[in-house]
Amino acid sequence: MTARKTIAVIGATGAQGGGLVRSILADADGPFAVRAITRDPGSTAAKALADAGAEVVAADIDDAASLRRAFAGAHGAYCVTFFWAHMSPEKEIAEAHAMAGAARDAGVQHVIWSTLEDSRRWIPLDDDRMPTLMGRYKVPHFDAKAEGDEAFRDSGVSTTFLLTSFYWDNLIHFGMGPRKGEDGSLVFALPMGDKKLPGIAVADIGKCAFGVFKRGKELIGKRVGIAGEHLTGQEMASALSKVLGREVAYYPVPFDAYRKFDFPGADDLGNMFQFKHDFEDYFCGARDIAFSRSLNPALQTFDAWLAANKAGIQIG
Ligand SMILES: NC(=O)c1ccc[n+]([C@@H]2O[C@H](COP(=O)([O-])OP(=O)(O)OC[C@H]3O[C@@H](n4cnc5c(N)ncnc54)[C@H](OP(=O)(O)O)[C@@H]3O)[C@@H](O)[C@H]2O)c1
């Protein structure tokens, strides 16, 4: 019997990494074993992964030595950063460098780096259709990840660059579900005009990543975009109406209004939606659904995801 190759997963107790851990554990006779990386192996979430059969190892992506220990002996590593935990693009870039360096030092043979586009390639800083943020970004949490690409390229580690999509789970966990208006009617607000937004059930990101590791060499050095469907806000509102059994109206929030919303990062997200809106053809084209399904045959549609999650849809 060939020994199983270990995949070390950053963010193992979270959304993207958690999906990958569960995919590897579910394939008990498959080629991989999983090492779940967490800052706290004593947490309930980490213990649940250990009980399910994962090796659990402590590391922090802000601590290079801990990363080197956590990657030691691993064949593969799933690398992801957590922008919304600190909202610092510089920190995110430094974390990409720490993970790439640790993967190189540990001799990891295949890294998946969860990245996004550099919006400044499409909207240079002097383009005033949207404000420049934090001095040198248009969409800080995209641009920083894209700058992180260089860390992986320069490290010489064999890397697949995974372009993720909007999590439909944001309708549950990120306050993006329908809201009740003063007259009691439901409104789904999204700043996407009449353009399509590539979206995905977050669990499918991990399943697609599992598919990337299984393909191995074929996808090394490649940029791989994934989505479950490309849907307009109107299409999402119609699907919500169907599953909730009551009318949900779509409200295409103007970008400037969204940027001024009173929550941290509203300007970053307003710019992000405008980028996806203004460059719909590119953005959807980079996230091919048939290809995503070839990585993950269980890829969910929005309708299927809604049916499974309707009890959790937040109505604000
Ligand atoms: N929301 C969206 O629609 C969307 C779409 C595409 C991309 N993204 C990107 O996805 C990224 C977040 O990924 P996610 O949603 O999988 O995150 P998540 O669900 O918030 O997972 C965070 C997990 O990572 C661990 N973690 C946090 N800080 C850590 C650190 N310093 N070192 C090691 N582990 C740490 C935590 O585990 P422990 O507490 O166990 O350590 C936590 O369970 C963001 O950068 C965001 O920009 C989001």
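Around the ligand in this predicted model stand 24 residues, each with a heavy atom within 4 Å of the ligand, and of these T13, T38, R39, T81 and Y167 come nearest. Residues are numbered from 1 along each chain as its sequence is written. Local features require pLDDT of at least 70 and side-chain atom pairs pLDDT 80 or more, whereas totals for chains, interfaces and linings use all residues, and side-chain values rest on heavy atoms, without hydrogens and water.

Among the polar contacts (pairs of N or O atoms within 3.5 Å), an N or O atom in the side chain of T38 lies 2.5 Å from an oxygen atom of the ligand, while a polar backbone atom of T81 is 2.8 Å from a ligand oxygen. For Y167, a polar side-chain atom is placed 2.7 Å from an oxygen atom of the ligand. Of the 940 Å² of accessible area that the ligand has on its own, the protein covers 80%, as computed by the Shrake-Rupley method with a 1.4 Å probe.

The shell around the ligand comprises nine nonpolar, 10 polar and five charged residues, with Gly counted as polar and Tyr as nonpolar. At least two shell residues each are supplied by α1 (15–26), α4 (83–86), α6 (140–155) and β7 (166–167), where helices are DSSP runs (H or I) of at least four residues and strands (E) of at least two.

Key. A polar contact is a pair of N or O atoms within 3.5 Å; within protein, one must be able to donate a hydrogen and the other to accept it, and residues adjacent in sequence count only if both atoms are side-chain atoms.
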